[in-house]
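Dear colleague,

Here is the structure I promised to hand over, and below it you will find my notes on what I found when going through it.

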Protein chains: 2
Amino acid sequence: MGSVFDLSLVQRGGRLRRTPFFEATQRYGARGYTVYNHMLFPIQFDDLEAEYWKLVQGVTLWDVGVERQVEISGPQAFEFANLLTPRDLTDCQVGQARYVVITAPDGGIINDPVLLRLAQDRFWLALADSDVLLWAKGLAHVLGMQVELAELDVAPLQIQGPKSKGVMQALLAETVLDLPYYHFTQTELDGIPLILTRTGWSGEVGYEIYLLDSSRGTDLWERVMEAGRPFDLAPTGPSDIRRIEAGILNYGADMTLEDNPYQVGLGWMVELEQQADFIGKAALSRIAVEGVRRKLVGVEIEGERLEFNMTKWPVSAEGKVIGRITSAIYSPGLRKNIGYAMVPTECSSLGTVLSVEVPEVGERRATVVRKPFVDPEKEIPRA
Amino acid sequence: MGSVFDLSLVQRGGRLRRTPFFEATQRYGARGYTVYNHMLFPIQFDDLEAEYWKLVQGVTLWDVGVERQVEISGPQAFEFANLLTPRDLTDCQVGQARYVVITAPDGGIINDPVLLRLAQDRFWLALADSDVLLWAKGLAHVLGMQVELAELDVAPLQIQGPKSKGVMQALLAETVLDLPYYHFTQTELDGIPLILTRTGWSGEVGYEIYLLDSSRGTDLWERVMEAGRPFDLAPTGPSDIRRIEAGILNYGADMTLEDNPYQVGLGWMVELEQQADFIGKAALSRIAVEGVRRKLVGVEIEGERLEFNMTKWPVSAEGKVIGRITSAIYSPGLRKNIGYAMVPTECSSLGTVLSVEVPEVGERRATVVRKPFVDPEKEIPRA
């Protein structure tokens, strides 16, 4: 583990669960872990900027086994899944995935998983960091719904970056390359059962491989690394630089139970016109009419390179604290400090000038800008 | 932070929340943090054995701000709190606390908080590591109950050890010493609003101070350290050695959603004869009659000192894997390796000989013994 990080201190005794790739990530030099869904999550193998360049110019491998799968199955699985999320799942076919939010009665965001429809009556939620199993169990029990709910022993890897297609081609059959965005397929590799999805948390071309047999974690990792060798595939953490450039939010930082989808730019997921009810529909219908008082905006922060931060730096307008920075980072591609701020709606229009109080640095001028910071349809500027 | 632990790697960017005592724990030399309820939890300032001796011979201070409080208030607060737990809260008076379990419909354990009754219609749950707020919100919404549910900005400290009474006497009014076990009182210290409870996770004499104004974390910490100076009060993590000696379980390791109270020795909390319904009552009534198939037992593990472990070492009987060690540790007081094992009921009687497979060490003989390992009514043997 090197001298800077003694894992034994973070996980004294080992209460925290390990993904099936834990041993591999140790051998491949993971330098830092965080904790996510009660599991150890390797988030750093090299410095942030080095990992960013590997992602945007090459291809990277991430252990995201912490994306726990909650399975919803049984006769009322569709009805229940549709009740959990404001998105209308009617047109979600078997083999398709959807990025969804799970909302509370007041419209607050409980989680933002990727949903897979595995069968007419079987769905998986690949979860961000909150105990959605408890939320779902409480609802299903009281509603007396005919569903089974379980956390599965399934662990995804992400393979992200412009060269990911090459890696997947070397690893699996040629046909996987035809997989459309947000579709998935069941497959296997030397007897290792897998689900392959065209999804990811990078805004780059990318795939996720869900490992269905947790005893084969090291086997799968090594096969992926082997297939990736000609492409210089590098194990890294997820890139916060790249996900912010791409306008992707991090649950727990940029959106929480206190925020509704309209506030954080996910209003497009709230399909109020659908016939079915969903948790939060009444509250979100009201908010849709009334509008929101606060909004998450993109900001550029002037001055020298800032360290990555999600500790809620205060944001001021005309000398008064009016909001918080939810994520801030230096983009070496854009050569700018970029991030998100939660601010009153009246301070959210493009071009608004704000002031950010950066601890130990001082006041920094910030401007509200369009997000995503890079246009996913265009060649990304790497200034 | 010293050279062995670079906190920036664990909490890259700072998505994980900090307790109000975070800065103080840094200044006082916290060497290791884990993550608990999405917050950083300082669990080590010195080595485990040194911290153990400070606890059992003196007095220690723990930042347990991660024990998040979920508040249940409103006209149906009592009814709802009673629905969440198998314990009958009818005789829980205002000013009293209860150690409770929160159970799922199948009797599985969702959490094991300390419940405080602050008013006829106001309860707090000081939680172990799971999102009980989501569980409770789902139930309350569908049942249409008149309750308000919120996670509060309240953070406890624990002051544990035989000299804790002296520290509390120096810190607060003399009268607090009359506080009976599992009672609490509201008080303040130089304008810092507090709740003081006679509770703790050590089996030693101890108190918890709930900080009600999170802006005063450093102030409170320094006042406690000052009052503790004549008693050599030491900041430490909670002692897994001492809690295992005392028969205390760690949620997420020794009990999980997969286990019911009868399996883990908490059957005394399941009050089936009460009139009120509670979540899990039907399942637990059935289990009470049928008995359990698996049980958590105390074990002594022979041989040299073992490192603290909760990674589920395999347990065998007659050459066949039949269970798992949920916690194992060396007790310097008892001069023995002790722990818990989840085993089939037929292997749970006192004196049963088992075999434990310790990675990188080999097979170790283990014997089922009574727990707690030390009798709380007697002077603890310190061999």
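I begin with strand β18(A), which pairs with strand β19 (residues 336–344) of chain A in the antiparallel sense, over seven bridges. Please keep in mind throughout that this is a predicted model. Within this pairing, A:Arg324 stands opposite A:Met342 in β19(A), and the two strands form a hairpin with four residues between them, where A:Arg335 in the turn has a positive phi of about 55 degrees.

On the other side of the story is strand β17 (residues 314–317) of chain A, which is joined by four bridges to β18 (residues 320–331) of chain A, the two running antiparallel. Here A:Ala317 stands opposite A:Lys320 in β18(A), and β17(A) and β18(A) form a hairpin with two residues between them, in whose turn A:Glu318 has a positive phi of about 50 degrees. Strand β17(A) is also joined by two bridges to strand β20 (residues 353–358) of chain A, again in an antiparallel arrangement, and in this pair A:Ser316 stands opposite A:Ser355 in β20(A).

These strands belong to a closed barrel of six strands in chain A, which runs β16-β19-β18-β17-β20-β21 with antiparallel pairing. If direction is ignored, neighbouring strands of this sheet are turned by 40 degrees against each other on average.

Chain A also has an open sheet, in which six strands follow the order β12-β13-β14-β11-β3-β15 and the pairing is mixed. Its edge strands, each of which pairs on one side only, are β12 (184–189) and β15 (234–235) of chain A. Strand β12(A) pairs with strand β13 (residues 192–197) of chain A in the antiparallel sense over six bridges, and A:Gln186 stands opposite A:Ile195 in β13(A). Helix α7 (residues 217–228) of chain A packs on this sheet, where it touches β3 (60–63), β11 (155–160), β12, β13 and β14 (206–211) of chain A, and the direction of the helix makes about 10 degrees with that of β11(A).

One residue that I looked at individually is A:Val167, which is found in helix α6 (residues 164–171) of chain A. A:Val167 is buried, because 25 other C-beta atoms lie within 10 Å. Leaving aside residues up to four places away in sequence, A:Val167 touches A:Val59, A:Ile159, A:Ala227, A:Gly228, A:Phe231 and A:Leu233.

In chain B, I looked at helix α4 (residues 77–84), where seven of the eight residues are buried, so the helix is largely enclosed by the rest of the structure. The buried residues are B:Ala77, B:Phe78, B:Phe80, B:Ala81, B:Asn82, B:Leu83 and B:Leu84, and they pack against β4 (69–73), β6 (102–103), β8 (114–119), β9 (122–126) and α5 of chain B.

Finally, how do the two chains meet through their α5 helices? The axes of helix α5 (residues 132–143) of chain A and helix α5 (residues 132–143) of chain B come within 7 Å and cross at roughly 25 degrees, and the two helices are therefore roughly parallel to each other. The crossing of α5(A) and α5(B) is right-handed. From α5(A), A:Leu134, A:Trp135, A:Gly138, A:Leu139, A:Val142 and A:Leu143 meet B:Leu134, B:Trp135, B:Gly138, B:Leu139, B:Val142 and B:Leu143 of α5(B). By class, this contact has 10 nonpolar, two polar and no charged residues.

With best wishes

Key: Residues numbered from 1 in each chain as written. Chains lettered and ligands numbered in written order. Predicted model: local features only at pLDDT ≥ 70, side-chain atom pairs only at ≥ 80, totals over all residues. Axes fitted to C-alpha atoms, helices over the stretch in contact; angles between N-to-C directions. Parallel < 35°, antiparallel > 145°, perpendicular 65-115°, else oblique. Left-handed = near helix turned anticlockwise from the far one by under 90°. Contact = placed C-beta atoms within 7 Å. Nonpolar A, V, L, I, M, F, W, Y, C, P; charged D, E, K, R; others polar. Pairing = 2+ DSSP bridges. Buried ≥ 20, exposed ≤ 12 C-beta atoms within 10 Å, placed from the backbone.
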